[in-house]
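Open your viewer and keep the selection tool at hand. We will go from stop to stop, choosing a few residues at a time.

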Amino acid sequence: MLHWIWVLIVGAIIGVIAGALTSKGKSMGWIANIVAGLVGSAVGEAVLGDWGPQLAGMAIIPSIIGAVIVVLIVSFVVSRVGSK
């Protein structure tokens, strides 16, 4: 149980970092940050591997890169859908 809480915390931190790097973080809530961090971690590790330092079973650097990609794609899609 404690592991899953740790995973959510690390996912939220990764999501916050990705939001800050893309300057899209102000419009995202905590739930979106956690989802972006977790999905970004899965995408980043699937594409880039699991190298570098790890927290809660997530490789930090590939996870942040993956989360940045996820945040950029989601913000692009939301802006396209919102403009119609």
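Start by selecting residues 30-48, which form helix 2. Helices here are DSSP runs of H or I with at least four residues, strands are runs of E with at least two, and both are numbered from the N terminus. Helix 2 has 19 residues and reaches 26 Å from its first C-alpha to its last, close to the expected 27 Å; that expectation is 1.5 Å times one less than the number of residues.

A word on what you are viewing: this is a predicted model, in which local features need pLDDT of at least 70 and side-chain atom pairs count only at pLDDT 80 or more, while totals for chains, interfaces and linings use all residues. Residues are numbered from 1 along each chain as its sequence is written, and side-chain values use heavy atoms, with hydrogens and water left out.

Next, colour N33, A36, G37, G40, S41 and G44, the buried residues of helix 2. Buried means under 20% relative accessible area, exposed over 50%, and partly exposed in between (1.4 Å probe, protein chains only). These residues sit on the same side of helix 2 because they cover an arc of only 135° around the axis, taken from the directions from the helix axis to the C-beta atoms. An α-helix has 3.6 residues a turn, so residues three or four places apart point the same way. Now turn to the other side of helix 2, where I31, A42 and A46 are exposed.

Zoom in on S41, a residue of helix 2. S41 counts as buried because its relative accessibility is 4%. Leaving aside residues up to four places away in sequence, S41 touches A36, M58 and S63; contact means heavy atoms within 4.5 Å.

Just after helix 2, pick G49, whose phi is positive, near 95°.

Now add residues 2-22, helix 1. How do helix 1 and helix 2 lie relative to each other? Helix 1 and helix 2 are roughly perpendicular, a label for angles of 65 to 115 degrees. They pack at about 95°, with their axes 7 Å apart. From helix 1, show V7, L8, G11, A12, I14, G15 and V16, and from helix 2, W30, N33, I34, G37 and L38: these make the contact.

For the last stop, choose L55 in strand 1 (residues 54-55). With 39% relative accessibility, L55 counts as partly exposed. L55 touches W6, V10 and I60, not counting residues up to four places away in sequence.

How values were computed: Axes are lines fitted to C-alpha atoms, for helices over the stretch in contact, and angles run from 0 to 180 degrees between N-to-C directions. Angles under 35 degrees count as roughly parallel, over 145 as roughly antiparallel, 65 to 115 as roughly perpendicular and the rest as oblique.
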